[in-house]
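Grab a pencil and open the viewer. Try each exercise yourself before you read the worked solution.

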Amino acid sequence: MYERDTEGSGPGDDLAVAAEHLVRHVRRSSHAGGLSPTAASTLGRLGREGPRRLTDLARDEGVSQPNMTQLVNRMERDGLARRVADARDGRGVLVEATDHGLAVFRQRRAERAEALGRLVDELSEPERRAVETALPALARVIEDQAPGP
C-alpha cells in the first residue's frame with residue numbers, strides 16, 4: 001500500500017505537489033502536433049519569446065546543444081521551425097517558429113486553457129477567486145526572477 005510522504009510537509013510542499021499535479025494534467029491535455037515534452041516546450045518558448053539562438057534554446061530548455069540541434073532539425077523537417085539569419089549579427093543564426101509552428105503552439109495553448117477552464121469550473125466561487133489571484137501572482141514573481149536575455 002502507498003504511504004504518503006509527510007516528512008517536511010508544509011505550505012511549500014503542498015503547493016509543490018499541487019503544481020506537479022496541475023502540470024501533469026495540463027501536459028496530458030494538449031495533443032496538437034503530437035510533440036514530445038521538450039519539443040512542445042521549445043515550440044512554446046519560440047511562440048512566446050520569438051526567435052532564439054540555438055545555444056540559448058538548449059540552455060533554457062536544459063538540454064545539450066547537440067540534442068537541441070537534433071530537435072530543431074526534426075522541428076524543421078516537420079515544418080514547425082526554421083533557421084534564419086540574425087539581423088543584429090550577420091554571422092549568427094536564430095531559430096524561429098514557422099506559421100505552422102505558431103498554429104500548433106496556439107492550438108496547444110487553447111487545449112491547455114480549455115482543460116484548466118474545466119478544472120476552474122469545478123471550484124467554488126471563493127476557490128476560483130483565490131486561484132485567479134494566486135496563479136498570476138506566482139507567475140509574476142517567476143518572471144521577475146528570470147534572468148534577462
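**Exercise 1. Work out what share of the contacts between residues at least 6 apart in sequence joins residues at least 24 apart.**

Solution. Start with the contacts in the chain between residues at least 6 apart in sequence. Now keep those that join residues at least 24 apart: that leaves 48%. While you're looking at the whole chain, note that buried residues make up 27% of its 149 residues. The C-alpha trace spans about 55 × 35 × 30 Å along its principal axes.

**Exercise 2. Decide how far to trust the coordinates, and find the elements with the lowest and highest mean pLDDT.**

Solution. Remember first that this is a predicted model. Next, check the overall score: the chain averages a pLDDT of 87, and 91% of the residues reach at least 70. Then go element by element: helix α1 (residues 11–29) has the lowest mean, 83, while helix α4 (residues 65–77) has the highest, 96. Keep one rule in mind: where pLDDT is low, don't read the predicted coordinates in detail.

**Exercise 3. List the secondary structure along the chain, then put the strands of the sheet in order.**

Solution. Count the pieces: you should get six helices and three strands. Walking along the sequence, they come as α-α-β-α-α-β-β-α-α. Now turn to the sheet. It's open, its three strands have the order β1-β3-β2, and the pairing is antiparallel. β1 (52–53) and β2 are the edge strands, as each pairs on one side only. Helix α4 packs on this sheet, where it touches β2 and β3; its direction makes about 110° with that of β2.

**Exercise 4. Trace how β2 is joined to β3, and find the bridge partner of Arg83.**

Solution. Strand β2 covers residues 81–86 and strand β3 covers residues 89–97. A hairpin links the two through two residues. The strands run antiparallel, with six bridges between them. For Arg83, look across to β3 and you'll find Val95. Try Arg82 too: its bridge partner in β3 is Glu96.

**Exercise 5. Are α2 and α5 roughly parallel or roughly perpendicular to each other?**

Solution. Find helix α2 (residues 37–49) and helix α5 (residues 99–121); their axes come within 9 Å and cross at roughly 105°. Angles of 65 to 115 degrees count as roughly perpendicular, so that's the label for α2 and α5. Now look at who meets whom: Ala40, Leu43, Gly44, Gly47 and Arg48 in α2 meet Gly101, Leu102, Val104, Phe105, Arg108 and Arg109 in α5. Sort this contact by class and you get five nonpolar, three polar and three charged residues.

Methods. Residues numbered from 1 in each chain as written. Predicted model: local features only at pLDDT ≥ 70, side-chain atom pairs only at ≥ 80, totals over all residues. Heavy atoms only, no water. Pairing = 2+ DSSP bridges. Helix = DSSP H or I, 4+ residues; strand = E, 2+ residues; numbered from the N terminus. Axes fitted to C-alpha atoms, helices over the stretch in contact; angles between N-to-C directions. Parallel < 35°, antiparallel > 145°, perpendicular 65-115°, else oblique. Contact = heavy atoms within 4.5 Å. Nonpolar A, V, L, I, M, F, W, Y, C, P; charged D, E, K, R; others polar. pLDDT = per-residue confidence, 0-100. Buried < 20%, exposed > 50% of the residue type's maximum accessible area, 1.4 Å probe, protein only.
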